[in-house]
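Let's look at a few of the labels used for this model and ask what earns each one. Each reply sets a value beside its cut-off.

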Amino acid sequence: MDVFRIAFYCLALGGAGVMAAAVPSAHAQGKPAQSSQKKSAKQDSKKDQAQTLSTVQVIAKELSLTRIPMGAAYSESVIGPSAIRFASPMLSVQNLLERTPSINVRSPAANSVRTNITFRAFSSGQFSETFDGVPINDPFNGGTTNTASTRNNIPLTLNDINSVNIYRGINNPAVTSYNSLGGTVAFKPREPDEEASASATLGGGSFNTWFYGLTANTGEVGGVRNLISLDHNTSSGWQKNSGNRNTNVYYAGTLPYADDNGELYAYAIYNTNRGFTPHTVPLPLIQQYGYNYGWPLDWTNSYNKDHGGTYIVGDRMQYNDVLSFNVRVYARNVDYNRVSYSNPAFAQSATQPYTIPNQAGDYSFWLNYPNGPTYDPAATFGSNVLGNDYHTYIYATQQYGIMPHVTLDLPRNEVKFGADFSHTKLHSAEYWYGANPMPLKTGYNNAWDEHDGRSLGSAFVQDEVSFFDDTVHVTPGVKYLFARTSDFDNIGFFYPISGSVSDSEHYTSPTIGLNWRPTHDLSVYASWGKTAKFPGIAAYYNNVGQSDASGNSVVVPLHVSPEYVRDIEAGVRYEREGFVGALNAYRENFANTFIQVTDPNTQLTTTSNGGTSRYEGVELDLQDSLDTRFGGFSIFGNIAENKAYFTSAFTIANAAGASALAGQSVVAGQPLAGVPKHLANLGIGWKWHGWRANVTEHYSSSQYVNEYNAGVPTAETIPSYAVMNFTLRDTIDIGKHGIKDLKLALYVDNVLNRHYYTFGYGDTTFGGSPFVRAIYEEPRAYFCSATVDF
């Protein structure tokens, strides 16, 4: 046992004292697997290589929850299909990522509803997510899930993906997308099989949860291979009155041509979800009424309906030994609708000290506008609060794009260049009324009615050059990105005049990475880069209807600058006889840090620049695989220290041009909210004959929370927590009546029944006393499933 293994087991034993059992890490991987358009001779070669894998390597491949690419010039991890197919029914796509270093996930409801994620110290919208290379972040607000309060918009489920590449930090331009400040999460689609097969799954468990899945591979029919899969999950949720149901349909099709050197392909994801929002609850109420307390539906509720999808058609080809290309055309859409209600009888008061979600405003100030909306809530329903207690919010986008990529495989370098262009339209609106159904009439009862457009484009070139007998790889690259954004707002409650704002932004993102392998077992790498994030649409709509010095309503020019970041990192990787490990450190310096400010009267959120900040950290990622008489074992662990703090002082009023807000001041050295300083995972996987099991645990240290309106950190914190999960599965060979095998699985989430929350913010009671609002995570839960493979 060498010094690296000794270090790993010291980490595992030390971490066990803090947590209990554990989670992910790694196994080595060289260049990404060649896609199916490569020549059949190369495919045969890969099959031959697979046959020479040692027993320990096979165990690592089957049981590892993550892998580490030894040859990469940047910080990377890979989650393989084995981990995805072995996941709990409550595990979302975002939760899956939490097994890798420096990722923390908030998932307060079943089926990914209201899920959010931090990546290193970066919040959702500060890193990119892609599916087959196509960006799936919202073009206007940056995030992938729960962005712009689309609480049950679910762009992906585990039903749709085969593997995930996690690129941490600013990475090479061939994999980065828009807003890739913290990194890129690249989801790889499921592919159809060459042979016909099918499977059916049925399961259920805690919280009145029921789920089923159907998958069929047609094999090759007329040269076309097809995969279609249906996944449905219904759950009442662990917070009372937060149940929802989700249906996901996935299709993948391929048509090889030119002797398998080329391939036409198509991927389609359609997802629909309906259900109630899990709302934040004051911690004193949870302490009084119990862990699963949720607001009574006759006090307040929000019912969400969403459907949308991602659709890709492409052509990829290995034209000759040097040239290959991949051209994609894609479309994406979101159609979200929410009706919320707040009972005025339970509004915040001296006897009910807490603000309830969706609380109606006791005002009708828009009636004073010269040409404002004509809806009079008091005249229609008897009082302002009775006339403002129902709200309909809609958010709909349609995006179309094209993405060509070309690769030149030269003797000493691999040159990649490509581009992307898309245009997206957005319609966002909210209407108030005293009953539901309600009229949705612009100029009458709309709080806002907004129509936006954004064109995004990029072009890149990248070269991976090898030196010294292929032991040194240098990867320089540059990417040009631009955005053209327009916003038009109709007259509404918050807009005394109609108006439009438009702006164009562009920047160039250079990167360079180096990987040196002095021996086969060891690699050292370093990288540098800089990039920027385009302002979200919240930086535009607040400029319509502002008041000038004379009190006139005007449209003012955009005053928010892009968020810039420079990144430098270095690391070392080591692998030997089933053991693999990686250690790296990074530092990212920000300028024009974005701050989200919520007006306490209108509840509109705007974006402003808030000075400079720095994100930095260290990540250690380790794994060992063993073959014993009791079966194969994979032991894994990772730990990360991430720090994020402001490096300049500023006030929200000065940054946003807004009136003073509570908690508005920020001083240099103050930590950012939502950033746990320490994150860790430990665990063990086991396989013996048809049995497979794993025990994993995720640990997060405490983190600061933001003040609700000002959007800057308070003194309040979310406590640290550690959560253990367990999975056991038995595969029973059948081999008759068309049935291949039967898989029986048991899932136990949160084995030790930890009561914890990952999201909250500071608030005050009617009397001015501070408290924290939070949404609690899943308590201990049991699920089981049966899958028949045909």
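Q: What makes Arg692 a charge over the ring of Phe86?
A: The rule asks for NZ of Lys or CZ of Arg within 6 Å of the ring centre and within 35 degrees of the ring normal. The charged end of Arg692 sits over the ring of Phe86, 4.1 Å from its centre, so the distance falls within the 6 Å allowed. Another case is Arg573, which lies over the face of Tyr525 at 3.9 Å from the ring centre. A word on the background: this is a predicted model, where local features need pLDDT of at least 70 and side-chain atom pairs count only at pLDDT 80 or more, while totals for chains, interfaces and linings use all residues. Residues are numbered from 1 along each chain as its sequence is written, and side-chain values use heavy atoms, with hydrogens and water left out.

Q: Why is the pair of Tyr354 and Phe771 called edge-to-face?
A: Rings of Phe, Tyr and Trp (its six-membered ring) pair if their centres lie within 6.5 Å; planes under 30 degrees apart are stacked, over 60 edge-to-face, and the rest tilted. By this rule there are 38 aromatic pairs. In one of them, Tyr354 and Phe771 are 5.0 Å apart centre to centre with 75 degrees between the planes, so the pair is edge-to-face. It links distant parts of the chain, 417 residues apart: Tyr354 is in the loop between β18 (323-342) and α7 (377-381), and Phe771 is in strand β42 (residues 770-776). Helices (H or I, at least four residues) and strands (E, at least two) are DSSP runs, numbered from the N terminus.

Q: How do you know whether Tyr354 is buried or exposed?
A: Buried means under 20% relative accessible area, exposed over 50%, and partly exposed in between (1.4 Å probe, protein chains only). Tyr354 has 12%, so it is buried. Phe771, at 7%, is buried as well.

Q: What makes the pair of Trp366 and Phe493 stacked?
A: Their ring centres are 3.7 Å apart and their planes meet at 15 degrees, so the pair is stacked. Trp366 lies in the loop between β18 and α7 and Phe493 in the loop between β22 (472-489) and β23 (499-519), so the pair ties together parts 127 residues apart in sequence. Both Trp366 and Phe493 are buried. They also belong to one aromatic cluster with Tyr363, Phe365, Tyr369, Trp432 and Phe494.

Q: Why does Phe468 count as exposed but Asp260 as partly exposed?
A: Phe468 has 62% relative accessibility, so it is exposed. Asp260 has a relative accessible area of 29%, so it is partly exposed. Neither is a glycine, yet phi is positive at about 50 degrees in Phe468 and about 70 degrees in Asp260. Phe468 is found in the loop between β21 and β22, and Asp260 lies in the loop between β14 (244-257) and β15 (262-276).

Q: How do you know that β27 pairs with β28?
A: Two strands pair if DSSP finds at least two bridges between them. Strand β27 (residues 563-576) has 13 bridges to strand β28 (residues 579-591), and they run antiparallel. One facing couple is Glu575 and Val580 in β28. The two strands form a hairpin with 2 residues between them, and Glu577 in the turn has a positive phi of about 50 degrees. β27 also runs antiparallel to β24 (residues 522-533), with 12 bridges joining them. Ser527 stands opposite Glu569 in β27.

Q: What makes β3 and β8 edge strands?
A: In the open sheet of 5 strands, the order is β3-β9-β10-β7-β8, with mixed pairing. β3 (75-79) and β8 (134-135) each have a single partner strand, so one side of each is left without a neighbour in the sheet. Within this order, 7 bridges join β9 (residues 161-168) to β10 (residues 183-189), which run antiparallel. Val164 has Phe187 in β10 as its bridge partner.
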